[in-house]
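User: Please take a close look at how charged side chains pair with one another here, and explain where the partners sit and whether they are buried or exposed. A single connected answer would suit me best.

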Amino acid sequence: MTAQQSQTAAPDRDGTAAKCENNRDRVRRILFDHLGFRHPRGTDPAEGRKALDAIADELAYVDDKRLGVLARMLLVHGQGSAKNFWPDRATFLNFAHIVQPRPLTDDPKLLGWFGSVEGPKAIARGTLVETFQYFQAKRVPPVTDGAMRLVEGKAADNQSRAARIAERLGNGLPVSPDDQQWHRYYTDLLSKLTQLVEVERTKRGKAVA
């Protein structure tokens, strides 16, 4: 389901759900309608609306309360000499990230990376979890040789630790609570990320292998 298709109830003046609105309309109602900026003279109305619609779709993950906070923050960040033109996309996204960081598993960069040939490669190399963690820290994929060495080194350490813990658990030997917690985190995250790659590859009509 896309952000535009997700339906929520919009309350009317007496507090009842007067109609259904999609997430794009929700962002427009709570954020854009309270800002009241305008486009520069000469902007094609259809193009202006299209640009705001695209921004609204990107902000669909932000909840109602934080959209209100975002509106108050952006009131003083209009563009132009009179500060009454719509801020650019980067301004919207940067302030949105401050009030409510976008979940990494919903990040277009990560989804695009895992949905490409890099997703299956990471599975084959055993670097899926570490690639995700690199995204967490850097918000970009590990494309340089140095970044890949860092990811691969961390993956080797994690796989060795996971194997040792699994062996002890399999043999009924004692395992520290910290190791047990880490092992659950690692295996659960690996499973979720593998599923994420499968979903993104399927969306693109590609196989994982």
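Analyst: Arg-29 is partly exposed, with a relative accessible area of 29%, a value that, like the others below, comes from a predicted model. Its partner is Glu-21, with which Arg-29 forms a salt bridge whose closest N and O atoms are 2.5 Å apart. Glu-21, by contrast, counts as buried at 3% relative accessibility, because the cut-off for that class is under 20%. As general background, side chains of opposite charge can pair when their charged atoms come close. By the rule of a side-chain nitrogen of Lys or Arg within 4 Å of a carboxyl oxygen of Asp or Glu, the count for this model comes to 13 salt bridges.

A further pair is made by Arg-26 and Asp-64, where the closest N and O atoms of the salt bridge are 2.7 Å apart. Arg-26 lies in helix H1, residues 23–35, and Asp-64 lies in helix H3, so this pair ties together parts that are 38 residues apart in sequence. The two partners also differ in their surroundings, since Arg-26 counts as buried at 6% relative accessibility, whereas Asp-64 is partly exposed with a relative accessible area of 40%.

The side chains of Arg-139 and Asp-107 meet in another salt bridge, at 3.4 Å from N to O. Here Arg-139 lies in the loop between H7 and H8, and Asp-107 in the loop between H4 and helix H5 (108–115), so the pair ties together parts that are 32 residues apart in sequence. Arg-139 counts as partly exposed at 27% relative accessibility, while Asp-107 is buried, with a relative accessible area of 11%. Elsewhere, salt bridges that share partners join Arg-24, Arg-28, Asp-53 and Asp-57 into one network.

Arg-139 deserves a second look for its backbone, because this residue, though partly exposed at 27%, also has a positive phi of about 65 degrees although it is not a glycine. The loop that holds Arg-139 runs between helix H7 (128–138) and helix H8 (145–170). Lys-83 likewise is not a glycine and has a positive phi, in this case of about 55 degrees. Lys-83 is placed in the loop between helix H3 (64–74) and helix H4 (89–99), and its side is exposed rather than buried, with a relative accessible area of 52%, which passes the cut-off of over 50%.

Key: Residues numbered from 1 in each chain as written. Predicted model: local features only at pLDDT ≥ 70, side-chain atom pairs only at ≥ 80, totals over all residues. Heavy atoms only, no water. Helix = DSSP H or I, 4+ residues; strand = E, 2+ residues; numbered from the N terminus. Buried < 20%, exposed > 50% of the residue type's maximum accessible area, 1.4 Å probe, protein only.
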